Every structure is written in C-alpha cells, then in structure tokens.
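Please open the model in your viewer and keep the sequence panel beside it. The tour below moves from one selection to the next and says what is to be found at each stop.

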Amino acid sequence: MRAIQIVTTRLSSCLRPIRFELVSSSSSPRLLSNSRRLICTAAATKSDGGRSGSIVAPLVENEEVQKIDVNPPKGTRDFAPEDMRLRNWLFNHFKEVSRLFGYEEVDYPVLETEALFIRKAGEEIRDQLYCFEDRGKRRVALRPELTPSLARLVIQKGKSVSLPLKWFAIGQCWRYERMTRGRRREHYQWNMDIIGVPHVTAEAELISAIVTFFKRIGITASDVGFKVSSRKVLQEMLRKYGVPENLFGRVCIIIDKIEKIPVDEIKKELGSTGISEDAIEQLLQVLSVKSLDDLEDVLGGAGEAIADLKQLFSLAEKFGYSEWIQFDASVVRGLAYYTGIVFEGFDRKGNLRAICGGGRYDRLLPTYGGDDIPACGFGFGDAVIVELLKEKNLLPELGQEVENIVCALEKDLQGAAATVATALRSKGQTVDLVLESKPLKWVFKRAARINARRLILVGKTEWEDGSVRVKVLSSGEQFQVKLNDLE
C-alpha cells in the first residue's frame, strides 16, 4: 500500500495542525474509513520540517476503505463545462440587459451578519437560513437573498454616492427549503434595484428590463406574464375593517400563501391574528379581484393604490409591454419589507413557481438605521428560467469553441508548437495546444470535439523555414504560412 499526504489544516475543535492521509491499494486514492480503526497520535518532535505537536494518522495495513460520496450536498449543484457554458450564457444576458438600461454592477459577501436577514417574526425566509456562530462568537448566515446586502452597502456609502442609484448584482443565495422543480437550496439570482426614485416610473422600468431579457432569449408574452398589485390595496382593506397596523406584515405573509395552501388554512391563519370572520371573507373576496375597475368599485378611486396601479399600466403601454402584465390583487410577496407596487413573473401554463418577483421597499433602509430613501427592485433566479427554456425547447446548443488547435508532428517539436500557440494567444486567439505526441487521427477527433476552426501543424521541414502548415477545418483548405504572418 502507498500513502498520499493531501492536506495540512486545522479542525474547529483543535488548536494544533492536523495532517490527514489517504490509504490506497490502487492508482485511485480513497478515504480511510472514520468509523473503523483510525487512530491519531501526537508527534512529539518535528518530522519532515513539520511543526511539533502535529497529529498524524498512522497507516493501518488491511484497513477497510470507503469511497466518498461523489454527489454534491442535497439541493446544490456542480457546474461541469457544459453547465458552465449555459450559466455563462444566461449571466451574460443578465449583464447585457442591465448594461442596456444603464445599471452598474455590484457584489456583496456570501457570508453576512445573521441580523441582516432577521426582520419580522413569521417570515418564511427566517426559518430557511443557513446560519451559525463563527469562531469569534458572531452570528453569521449565508445570504438567502441580495436586497438586505444592497441596503447595507447603500447605508455604508451614505452621502458619498449621488442618487438615484441604479445597481445590479448576480450572486449565489442559500435557503434551506423544500425542493421542488426549479427550487434548490442554492441558486444564483439576478437583482436590479433603483434607490432614490419615489415614483412608479422606477417599477415600470424594472419590469421593462425583465421583458427585454425575455425577448432576448426567445420568451414571448404568450409564454410568460406578470401579476401586478400593490401592498397599499391590502393596507386600505385592513384599515377599512379596523385591523391594527401592526398586523399588516403578518397578514401579508399569510396572504402570500394563497396559491400554496388550501383556502381554509388561509382563513384559519388569518383568524389567529384576531381578524373577524366577516373581515376575512371580505378580504378574500377583494383578493380574488382581477381587474382595476372592479377594485375601484370596492376601494373607490381616491386611494394611492388605485392611482399607482393606473399609472403603472399607463407606463406599460409607453414602454411597450402592456400585453405582458395583468392585475391580480392576491399578489403581495412574502417578504415583510415591501410597501407599494409588487409584481411576479409567471409561466402562463402554470407548471412552474414564480419566475421572478419584486416591488417597492421604501422603508427597508430605515429598518437598518439608514436614511428614509425610496427604493424598489426585483430578484430573478437562475433555476426556474432554465426549466422554462427546457419546456419551450429554447435552450441554446453551446459546444466548446476554440479557434485553433496546434499540434507538433514530432516529439522534439513540442517547444516549437508552444511558440506557435503563444504567438496566436498574444494576438487574442484561442488555442488548444496538444501537449503529448498523438497520432493525427486523434488530433482530428479532438478538433471536431472542441469545434476548432483551424488545425495548425508544426512539421520539421516547415519549421526549419520558419513556417507552419494550416488546415481550415470547415473547408479543408490547406496552406503553408510564415509564423510572423499567421493571423
């Protein structure tokens, strides 16, 4: 047997370095089973230049070995090259749309202070945090969303930035939740946010950006729509029935479950807040309204909710996406910080959960001790949209693409091939350099697999003349060219 030393690190429960070793009886090392007779002994003296006091796992002959689980943790993903090509394609569209609308890119730590995400009791997201205490006794969490981090950064920058801010971010988020189609425990999210604009024009532009993205990837208004409402609708209804203001956030969280749990459960949860049965029935009746005219009949035309929604639908015509949006009073969004217009993107067949969502969150910054600055934004996950693209047969074919494959025809010309590859790369061309002596049949197969445009062969006779042989793979054209003239 042979031992392979792989790492020297520190365990959270140890103050001294720990050396781990693998045992292998074949060419592939495997992990030593922890459940068997793994014994650690402390070395009293330094060995091989290591530190004294290091703990070494001794090799045990005939010890049972155990293969590691090669799958990522439940709810997470690997991104092999073909998956990365799709992810990069998607992210490039996110970035290009953001650029077209004049937004600047920002980013935040994946690890944040836990308090940043703990707002009001009852929020689903609070129970989904990946959180723990670090070695400094600080409570931290993997971010479940990006908006609180945005708020923190805006407050940090203070007066050093000029309003309005138009920022976008693409970041990984973590939530320990029940997994369904398009929902994992980690996902990437595209956010666009506007800080400092109190008018509905901001929400109108954000929806326009999402529509622009959909159009770029082949999604139409017959595939996807937006349900639009306002938190102010619910506020006015609760005020009408004398429901205390402090129950508003809790009621929003319950109402957000309307399409997720039976209506009797909704009634039961609303009743637990102290709202009367009559008020609950009236509230659910209003939340079933699907047109602004019907809503106006209930609330009257003087309220802020009606005015905001009318302006949004008017702006939708000007932006050119009126066919994409519809009013739906039941849309409130589950996060406590929303204050006005809210919206959700949905697939019209109803096979998927919300594709994206957002709205106005004017009081979020003051919640963290910042100035009272109006703000709105949206979050757009990477998982549901990929499911939709699969369903619509719109996933792009994204093979590897390399401009040149360079191959030495003889072993002693490997250095010359490296010179050719370096020259091409310095001109901005992509090059796959064959690093071993391979038969031409193998080289041609690899060229086809990586979609190479040209094959460049370095032969002895040509190289003595400072030239290489070039074959254009699409046409079969071949020619000899001096290295300095190779473009």
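## Two asparagines in loops

Begin by selecting Asn451, which sits in the loop that runs between α13 (440-449) and β20 (454-458). Please bear in mind throughout that this is a predicted model. Although Asn451 is not a glycine, its phi is positive, at about 55°. With a relative accessible area of 41%, Asn451 is partly exposed, because that class covers values between 20% and 50%.

Next select Asn393, which belongs to the loop between α11 (382-391) and β18 (404-408). Its phi is near 55°, again a positive value in a residue other than glycine. Is Asn393 buried or exposed? Asn393 counts as exposed, since its relative accessibility is 71% and the cut-off for that class is over 50%.

## A cis peptide bond

Move to the loop between α2 (147-157) and β11 (165-174), where Pro164 has its place. The peptide bond that joins Leu163 and Pro164 is cis, with omega at about 0°.

## The whole chain

Zoom out before going further, and colour by secondary structure if that helps. The chain contains 14 helices and 22 strands, and of its 487 residues 47% are buried. The accessible surface amounts to about 25,500 Å², and carbon and sulfur atoms account for 49% of that area. If one takes the contacts between residues at least 6 apart in sequence, 65% of them join residues that are at least 24 apart.

## Helix α4 and its partners

Now select helix α4 (residues 231-240) together with helix α8 (residues 292-299), whose axes come within 11 Å of each other and cross at roughly 25°. That angle makes α4 roughly parallel to α8, because angles under 35 degrees are counted in that way. The crossing of α4 past α8 is left-handed. To see the contact itself, show the side chains of Val233, Glu236, Met237 and Lys240 on α4, and those of Leu295, Val298 and Leu299 on α8. Sorted by class, the contact of α4 with α8 consists of 5 nonpolar and 2 charged residues, with no polar ones.

Keep α4 selected and add helix α7 (residues 277-287); here the axes come within 11 Å and cross at roughly 155°. How does α4 run relative to α7, roughly parallel or roughly antiparallel? The angle makes α4 roughly antiparallel to α7, because the limit for that description is over 145 degrees. The crossing of α4 and α7 is right-handed. On the α4 side the contact is made by Val233, Leu234, Met237 and Leu238, and on the α7 side by Gln282, Leu283, Val286 and Leu287. By class, the contact of α4 with α7 has 7 nonpolar residues and 1 polar residue, and no charged ones.

Then exchange α7 for helix α5 (residues 248-255), which packs with α4 at an angle of about 120°, the axes being 11 Å apart. At that angle α4 is oblique to α5, and the crossing of the two helices is right-handed. The residues to display are Arg231, Leu234, Gln235 and Leu238 of α4, and Phe248, Val251, Cys252 and Ile255 of α5. In this contact of α4 with α5 there are 6 nonpolar, 1 polar and 1 charged residues.

## A buried lysine in strand β13

Step to strand β13 (residues 224-230) and pick out Lys227, which is found there. Lys227 counts as buried because its relative accessibility is 13%, and the cut-off is under 20%. If neighbours within four places in sequence are left aside, Lys227 is in contact with Glu259, Gln326, Asp328, Val331, Val342, Phe343, Glu344 and Phe346.

## A glycine in strand β16

For the last stop, select Gly358, which lies in strand β16 (residues 356-360). Its relative accessibility is 0%, so Gly358 counts as buried. Where residues up to four places away in sequence are not counted, Gly358 touches Arg333, Tyr338, Ile341, Val342, Phe343, Gly377 and Phe378. Of these, Phe378 is worth a distance label: the C-alpha atoms of Gly358 and Phe378 are separated by 3.8 Å, while the two residues are 20 residues apart along the chain. Val342 and Phe343 can be left on display from the previous stop, as both are among the contacts of Lys227 and are touched by Gly358 as well.

Terms used. Residues are numbered from 1 along each chain as its sequence is written. This is a predicted model: local features need pLDDT of at least 70, side-chain atom pairs count only at pLDDT 80 or more; totals for chains, interfaces and linings use all residues. Side-chain values use heavy atoms; hydrogens and water are left out. Helices (H or I, at least four residues) and strands (E, at least two) are DSSP runs, numbered from the N terminus. Buried means under 20% relative accessible area, exposed over 50%, partly exposed in between (1.4 Å probe, protein chains only). Contact means heavy atoms within 4.5 Å. Accessible areas come from the Shrake-Rupley method with a 1.4 Å probe; for residues, only the protein chains shown count as cover. Axes are lines fitted to C-alpha atoms, for helices over the stretch in contact, and angles run from 0 to 180 degrees between N-to-C directions. Angles under 35 degrees count as roughly parallel, over 145 as roughly antiparallel, 65 to 115 as roughly perpendicular and the rest as oblique. A crossing is left-handed if the near helix is turned anticlockwise from the far one by less than a right angle, and right-handed if clockwise. Ala, Val, Leu, Ile, Met, Phe, Trp, Tyr, Cys and Pro count as nonpolar, Asp, Glu, Lys and Arg as charged, and the others, Gly among them, as polar.
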